[in-house]
Amino acid sequence: MKGLRRRDLAVAAATGALVAGLATTARAATEAEALDALAKAKGFAGFGSCMGGGAEDFASSFNDAGVRAIHQRECGILVCENETKWVALRPNPAEYSFYLADRMVDWALTNNMQMRGHTLLWQKTQYFPKWLVNYDFGARPAAEAERLLREHITTVCRHFGTRIFTYDVVNETVDEVTGETRQTPFTRYLGDNTIDICFDAAHAAAPHAKLVYNDYMGWGPASARHRDGVLKLLARLKANKAPVHLLGVQSHIGPGTNVESQGPNTFNAADQAAWKQFLDAVVAMDLRLALTEFDVSERGTPSGIPERDGFMADLARRYLDFMFAYRQTDYLMAWGMMDHYSWLQNFGGKRPDGMLKRPSLYDDNYQAKPLRQAIAAAFRNAPPRA
């Protein structure tokens, strides 16, 4: 009996070791298949996503344990959707509120994720805090505008220090209709120099950080002025030796995402030719590329989920294959990982059939979708980074 017991114990131990070994192997395989791992295997800086929420509930998706688990499994980079914007950080001219941002930054670093900063200036007045829209710039308005701008950027960058490795310094300053710089309380007194000041202040306060100009220009004919305006801006910044390192290509792709992409969006040969001309001009300025806010809109797509998901995955794969062919493309950031929390649920109205929109990698049951697999395939197919 003792011999049998010893044998049973030995078999049990061996079986336990085998099960543990298989679990470790499975876990390692799963980690190797994570989108961030697939990206880094090809030399990208990584894959990541935003978390956070809307203007009234800044941290809604971050509060969801299921969403945090998806990020832990898939992502190596995190960006706050709203928590590092002026409207969240600056309740009034005299105070800063870093609580919501700090807990997300600390969580990211605890989970071995890098952190992006978004954005030091969102150059649209409708997204300024109300106090800034009505701010009294005094007897020397240009001097006060520059002081306020530099003080904000310096305070934010020094607060986060090296916890943030890259910043969207300026977001969406080019008007998509005119191709010119948007008019805001800052440009009223500083003109185009507003943008130069932002990059100069960010570089001085965060010399380690890669600095990004971020915008949503597209490839369609209606976006030609937008593309030209972005090229004009970048050329001027480079001529002025401003420390701009990357163009952030937001990549809200798909039909009906914004005024530039109404109707079907096939990303066909004509689309690709226009887009290539634009991107070639960007990289010719010795700028790198980052896909900063990726998701797929779906206006006009079928109600059937398999058909819808297939259309969106196919479009995403063709777009990402095209973008990843540029070895200057450094990383991909999804603009949310889960359908339920996507900003697109409240953008452009509901679907006519009343169904939930499906612009993200995971559905409202926390299950991966064909879009996620399309991204994985694009990373596997990508040439190694330069």
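Two residues are in contact here when heavy atoms of each lie within 4.5 Å. The structure is a predicted model, in which local features need pLDDT of at least 70 and side-chain atom pairs count only at pLDDT 80 or more, while totals for chains, interfaces and linings use all residues. Residues are numbered from 1 along each chain as its sequence is written, and side-chain values use heavy atoms, with hydrogens and water left out.

The chain has 13 helices and nine strands. Helices (H or I, at least four residues) and strands (E, at least two) are DSSP runs numbered from the N terminus. Of its 386 residues, 53% count as buried; buried means under 20% relative accessible area, exposed means over 50%, and partly exposed lies in between (1.4 Å probe, protein chains only). Among contacts between residues at least 6 apart in sequence, 79% join residues at least 24 apart.

Strand 3 is a good place to start. H118 belongs to this strand, which covers residues 114-122. With a relative accessible area of 2%, H118 is buried. Apart from neighbours within four places in sequence, H118 is in contact with V79, C80, E81, T84, K85, D168, N171, N214, E293 and W335. With one of these, D168, the H118 side chain makes a side-chain polar contact of 2.8 Å. A polar contact is a pair of N or O atoms within 3.5 Å; within protein, one must be able to donate a hydrogen and the other to accept it, and residues adjacent in sequence count only if both atoms are side-chain atoms.

D168 also takes part in a salt bridge with R116, at 2.6 Å from N to O. The term covers a side-chain nitrogen of Lys or Arg within 4 Å of a carboxyl oxygen of Asp or Glu. R116 lies in strand 3 and D168 in strand 4 (residues 166-171), so this pair ties together parts that are 52 residues apart in sequence. Both ends of the bridge are buried: R116 has 1% relative accessibility, and D168 has a relative accessible area of 0%.

Just before strand 3 comes a loop that follows helix 5 (99-110), and M113 is placed in this loop. M113 is buried as well, with a relative accessible area of 3%. Not counting residues up to four places away in sequence, M113 touches H71, Q72, C75, G76, I77, L78, W107 and A108. The C-alpha atoms of M113 and D36 are separated by 9.9 Å, although the two residues are 77 apart along the chain.

D36 has A37 as a neighbour in numbering, and A37 lies in helix 2 (residues 35-41). A37 is partly exposed, at a relative accessible area of 26%. From A37 to F47 the C-alpha distance is 8.0 Å, across 10 residues of sequence.

The next topic is a pair of helices. Two packed helices are described by the angle between their axes and the distance between the axes. Helix 7 (residues 141-160) and helix 9 (residues 193-205) have axes that come within 9 Å and cross at roughly 35°. Axes are lines fitted to C-alpha atoms, for helices over the stretch in contact, and angles run from 0 to 180 degrees between N-to-C directions. This crossing is right-handed, that is, the near helix is turned clockwise from the far one by less than a right angle. Helix 7 contributes E146, L149, R150, I153, T154, C157 and R158 to the contact, and helix 9 contributes T194, I197, C198, D200, A201, A202 and A205. These residues divide into eight nonpolar, two polar and four charged. For this count, Ala, Val, Leu, Ile, Met, Phe, Trp, Tyr, Cys and Pro are nonpolar, Asp, Glu, Lys and Arg are charged, and the others, Gly among them, are polar.

Within helix 7, R150 forms a salt bridge with E146, the closest N and O atoms being 2.9 Å apart. Being four residues apart in the helix, R150 and E146 are separated by about one helical turn. R150 is partly exposed at 26% relative accessibility, and E146 is partly exposed at 27%.

The structure holds 24 salt bridges. Another of them joins the side chains of D175 and R182 at 3.8 Å, N to O. R182 is buried, with a relative accessible area of 12%. Elsewhere, E298, R308, R351 and D353 are joined into one network by salt bridges that share partners.

Last comes S342, in the loop between strand 9 (329-334) and helix 13 (370-381). S342 counts as buried at 5% relative accessibility. A polar atom of its side chain lies 3.1 Å from the backbone nitrogen of L344. Residues up to four places away in sequence aside, S342 touches P359 and S360.
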